[in-house]
Structure formats: C-alpha cells, structure tokens
Amino acid sequence: SSCPHLLSSLPFPSPPTDINECETIPEACKGEMKCFNHYGGYLCLPRSASVIPAPDPPSQPGTNLESTAREPFNPCPLGYEPQGDSCVDVNECERDEHDCQPSQQCINTPGAFTCQCPEGYRKVGTECIDIDECRYRYCQHRCVNVPGSFSCQCEPGFQLAGNNRSCIDVNECDMGAPCQQRCYNTYGTFLCRCDQGYELGPDGFACNDIDECSYSSYLCQFQCVNEPGKFSCQCPEGYQLLGTRLCQDINECETGEHQCTEGQTCVNIHGASQCVDTNRCQSPYVQVSDNRCVCPVTKPACRDLPFSIVQRYMSITSERSVPSDIFQIQATSVYPGAYNTFRIRSGDHDGDFYIRQINNISAMLVLARAVTGPQEYTLDLEMVSVNPLLSYQTSSALRLSIYVGPYAF
C-alpha cells in the first residue's frame, strides 16, 4: 500500500529587523548635520530637513506575512510636501519644526529655514551675542552700550543732533542761563558778564555794584556819592557842579539870590554872600566915593591916621596851602623922590599874615598859616610914603575884609 506523503509547511522567513543607527552609533552625524534613520541605513541631513515616510506597500494576496512599517513615500524634494498635483514649501517656522534658539528668530526659506539673530546681535555658533557698537565709535562724545543696541550721550553744554550720534552746541543764553546781566554763549558753555559799574560775583552769575567812591578820594572835588552801576559828584550849598567833578561857586550877587537892602552892598564869597553897608566910613573919616573914605587934615583926630582908606573884599578857602600869596597892594599915585613902605597896620592879631614888599610901589599880602573857616578877617594894609627932600610923610590904607570859606577847595 502506498503511504500518503505529508507536505510539511516551512515557516516563511521573517523580514529582518531594522537597526536605528541614529541611536546606536555615537555621533553618527557631526557638525550642523542631523541624523535621519531609514530602513537599512541612515542619512545625515541639514537640521532644517524633514523626512516624510512613504506609504506602506499593499499586502500580497495568499500570504500570511505582516506588513512591515515603512515611512510614507514623499515624491517632493526635501522641504516640500505634495499638495494635489504639485509640491508646496513646508513652513517649518509656523509648524515649530525648527531648532532655533529662543533668542533667535526663525525665517522660512524655500525648502528650508534659517535662524537669524535680532538686530544688534551677531551669531557665534548657535548663540546670539550682543554687538558692542561702542567699539566702532558710532558716537561723537559718549557711547552707552545696551543689549541689542546703543545710545549716544553728549557732554554738558551739548545736545544730540537729529542723527542721534553727533553733538551740537547748546546756546545756554537762549535757554535761560542764570546770568544776572549779560550772557555770552561759547562752545560747550557760556560766560556771564556785567555792565559798566558792576563786577562779577564769586558765583560767576551775579553782578555786584562797584563802589567807585571807595577807590579814590580824587574822583570828586567835594563829595562822591555811589549809585547802582555808577557814581555822581555833589557840591555843598552855595556851589554848583561844573562838568561832572568840579564845584563852582555860585555868585549870589549876580543871580540875585541875596537879601541885601538898598543901603547895603552884596559881596560874593565862597559858598555864600555878604551884605555890607555901602558907607562903612567911621568918624573922623568921611565918604568921598564908593569904598573910599578920607580923613580931612583939618580935623585934629586925623593927624596920626592914614589920609585915606579904600574898602576891598575877598574870599579864600579853608586849609589853603601856605605860604600863599593872596592879595597885591599897589600905589595909585607916585611922587618923585618918595620912598614907600608897606605894613599890616591892624587886624592880624595871631600873625596869620605878613607883607612881602615887591618894589617901591607894590607889595604882596601872604597867608602865613593855614586857616579854617568860616571866619572873617579885617586887615588895614598901610602904605607909608616918605620924601626926604621935602621932609614930607603921608600914608594911605586899604581895609581888606577876608572871608574864609568852610570848605577846603
């Protein structure tokens, strides 16, 4: 009998198991490359690349084989994906399929992407490092570096120009500089100046009045009065200012500023006037003309007195320098052969004056000592005429009233 043959069923060998080299091989891809495993091997592609798995192949009928997992097939180039009958770019930045650092900005490009640093930074390796713009002298004066940018600052007295880098001068005078009087703008700063009659204070801003009167006692003939920014000269009563410094006596007798009566004569003196009697002849003298008195020889009392007396008036200032010639006496009548001498007959009780004879017909009254006013002297200056040939002697006098003013100018 025939024995039935049994057909043994041999198992179909199982497909080999794929090895993931990206996990098993240390540093399978180096540099900026990224490892992508595929069946039976691996690829080193840029980090921006992506792999779309191909679709599983259809199962073969009549077999019991389990289909092995495969990546879907992508007919488009790397970085693109199919859309209908065409390939479109994959925006890795929107899908967050990029490896840019948090400080970097992802920029999509056709088929890939790039990692870009913000403005003010530069890429070193995979990191963004701040650029120190101040190293490149972008600013005219001072540069201040800040993360991702910089700012320019100017020295005092300057301000940033429209380009935010250059520095232009500030006109402090137009911006309310604290100068009290005058302001002058200079490059980077300003200067304060004062008007005439003022000087700049220690703070460099305030102007202080100059007391000109304290600098010299010769600014004014009489009195200096300090005023803000200037000075003025003043004269005492009875004087008027001549120009800006000198004092001139006011002649009250000419201006009518006196109170003399009809029987009096106005005599101008320094700073005032005197009213004297028109007839000042005292007995035994009689008046023969204005200011002239005669003592008649017929009167016994006239025997030892000067024949005539002429009235004269003058004024001098106090503290006049001495010796000082103040009045000249001169004979009006000269007789041949006569010899004339001059003397102070009366009035000089303290010896403040003396006579210096010039020649036979004239002499000078000299102030011997400094006198202080107000006071009045009345001196009788006598001229004695002697004629030896005729044995004749006569005399005449000049009655000089001297008024000493109260001021030493």
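**Exercise 1. Work out how exposed Gln274 is and what surrounds it.**

Gln274 has a relative accessible area of 28%, so it is partly exposed. That follows because buried means under 20% relative accessible area, exposed over 50%, and partly exposed in between (1.4 Å probe, protein chains only). Keep in mind that this is a predicted model, where local features need pLDDT of at least 70, side-chain atom pairs count only at pLDDT 80 or more, and totals for chains, interfaces and linings use all residues. Residues are numbered from 1 along each chain as its sequence is written, and side-chain values use heavy atoms, with hydrogens and water left out.

Next, find its place: Gln274 sits in strand S22, residues 272-277. Strands (E, at least two residues) are DSSP runs, numbered from the N terminus.

Now look around. Setting aside neighbours within four places in sequence, Gln274 touches several residues, among them Cys260, Thr265 and Tyr403; contact means heavy atoms within 4.5 Å.

**Exercise 2. Describe the disulfide of Cys179 and Cys192.**

Start with the sulfur atoms: they are 1.9 Å apart, and a disulfide is a pair of cysteine sulfur atoms within 2.5 Å. By this rule the count comes to 19 disulfides.

Then check the twist. The torsion about the S-S bond of Cys179 and Cys192 is about -80 degrees, so this disulfide is left-handed. The pair links distant parts of the chain, 13 residues apart: Cys179 is in the loop between strands S12 and S13, and Cys192 is in strand S14.

Finally, the cover: Cys179 is buried at 14% relative accessibility, and Cys192 is buried at 4%.

Methods: Helices (H or I, at least four residues) and strands (E, at least two) are DSSP runs, numbered from the N terminus.
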